[in-house]
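Dear colleague,

I am handing over the structure we spoke about, and it is placed directly below this paragraph. After it I have set out what was found, in an order that you can follow with the coordinates open.

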Amino acid sequence: MQGEKKEYVLSKQILRSGTAIGALIKEAEYGQSKPDFINKMNIALKEANETEYWLSLLKDTGYIDEKSYKGIAEECKELIKMLISSIKTLKKI
């Protein structure tokens with residue numbers, strides 16, 4: 001029972017941070033200014049980084065297997081790279 005509770009807590013965290021990424025990107029579309037847009041994209045980046053952390057915890061505790069982790073983690077890392085690139089580009093403009 002205790003293990004199920006830990007899995008639930010980890011799963012809830014990853015759901016929260018993972019869904020926040022898309023919500024923040026969507027919110028950034030209507031940012032009040034360029035700095036506001038960049039700020040929301042930066043927060044989305046932080047949420048993506050947090051999601052990557054929760055994923056690694058799920059793997060390390062055995063709640064997801066290596067194969068499942070690799071697929072999801074690769075997508076998360078790609079998203080992080082895209083957010084970093086977007087933020088850098090926006091700061092140059």
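Lys 59 has its place in helix H2, and because its relative accessible area is 23%, Lys 59 counts as partly exposed. Please bear in mind throughout that this is a predicted model. The charged end of Lys 59 sits over the ring of Tyr 69, at 5.0 Å from the centre of that ring. If residues up to four places away in sequence are set aside, Lys 59 touches Ile 64, Glu 66 and Tyr 69, so that Tyr 69 appears both as a contact and as the ring beneath the charge. On the other side of the sequence, Ala 20 is 39 residues from Lys 59 along the chain, and the C-alpha atoms of the two are separated by 21 Å.

The helix that carries Lys 59 runs over residues 34–60 and has 27 residues. From its first C-alpha to its last, H2 reaches 39 Å, which is close to the 39 Å expected at 1.5 Å a residue. Just after H2, Gly 62 takes a positive phi of about 85°.

Glu 52 is also found in helix H2, and with a relative accessible area of 18%, which is under the 20% limit, Glu 52 is buried. Leaving out residues up to four places away in sequence, Glu 52 touches Cys 76, Lys 77 and Ile 80. One of these contacts, Lys 77, also forms a salt bridge with Glu 52, in which the closest N and O atoms are 3.8 Å apart. This pair links distant parts of the chain, since Lys 77 belongs to helix H3 and Glu 52 to helix H2, with their positions 25 residues apart in the sequence. The burial of the two partners is not alike: Lys 77 counts as partly exposed because its relative accessibility is 32%, whereas Glu 52, at 18%, counts as buried.

The structure holds eight salt bridges, including the one just described between Lys 77 and Glu 52. Another is formed by Asp 36 and Lys 40, whose closest N and O atoms are 2.7 Å apart. Because Asp 36 and Lys 40 are four residues apart in helix H2, about one helical turn separates them. The background to this is that an α-helix has 3.6 residues a turn, so residues three or four places apart point the same way. Both Asp 36 and Lys 40 are buried.

Lys 26 and Glu 29 form a further salt bridge, with 3.6 Å between the closest N and O atoms. Here Lys 26 counts as exposed because its relative accessibility is 51%, while Glu 29, with a relative accessible area of 46%, is partly exposed. In addition, salt bridges link Arg 16, Glu 47 and Glu 50 in a network.

Turning to the aromatic residues, the structure holds one aromatic pair. The ring centres of Tyr 53 and Trp 54 lie 5.1 Å apart and the ring planes stand at 65°, so the pair is edge-to-face. As to surroundings, Tyr 53 counts as partly exposed because its relative accessibility is 48%, whereas Trp 54, at 15%, counts as buried.

Two further residues may help you to find your bearings in the other helices. Lys 5 lies in helix H1, which covers residues 2–28, and since its relative accessibility is 54%, Lys 5 counts as exposed. Glu 66, which was named above among the contacts of Lys 59, is 61 residues from Lys 5 along the chain, and their C-alpha atoms are separated by 21 Å. Ser 68 lies in helix H3, which covers residues 66–92, and with a relative accessible area of 35% Ser 68 is partly exposed. Ser 68 and Ile 87 are 19 residues apart in sequence and, from C-alpha to C-alpha, 29 Å apart in space.

With best regards

Conventions
Residues are numbered from 1 along each chain as its sequence is written. This is a predicted model: local features need pLDDT of at least 70, side-chain atom pairs count only at pLDDT 80 or more; totals for chains, interfaces and linings use all residues. Side-chain values use heavy atoms; hydrogens and water are left out. Helices (H or I, at least four residues) and strands (E, at least two) are DSSP runs, numbered from the N terminus. The expected span of a helix is 1.5 Å times one less than its number of residues. Buried means under 20% relative accessible area, exposed over 50%, partly exposed in between (1.4 Å probe, protein chains only). Contact means heavy atoms within 4.5 Å. Rings of Phe, Tyr and Trp (its six-membered ring) pair if their centres lie within 6.5 Å; planes under 30 degrees apart count as stacked, over 60 as edge-to-face and the rest as tilted. A charge sits over a ring if NZ of Lys or CZ of Arg is within 6 Å of the ring centre and within 35 degrees of the ring normal. A salt bridge is a side-chain nitrogen of Lys or Arg within 4 Å of a carboxyl oxygen of Asp or Glu.
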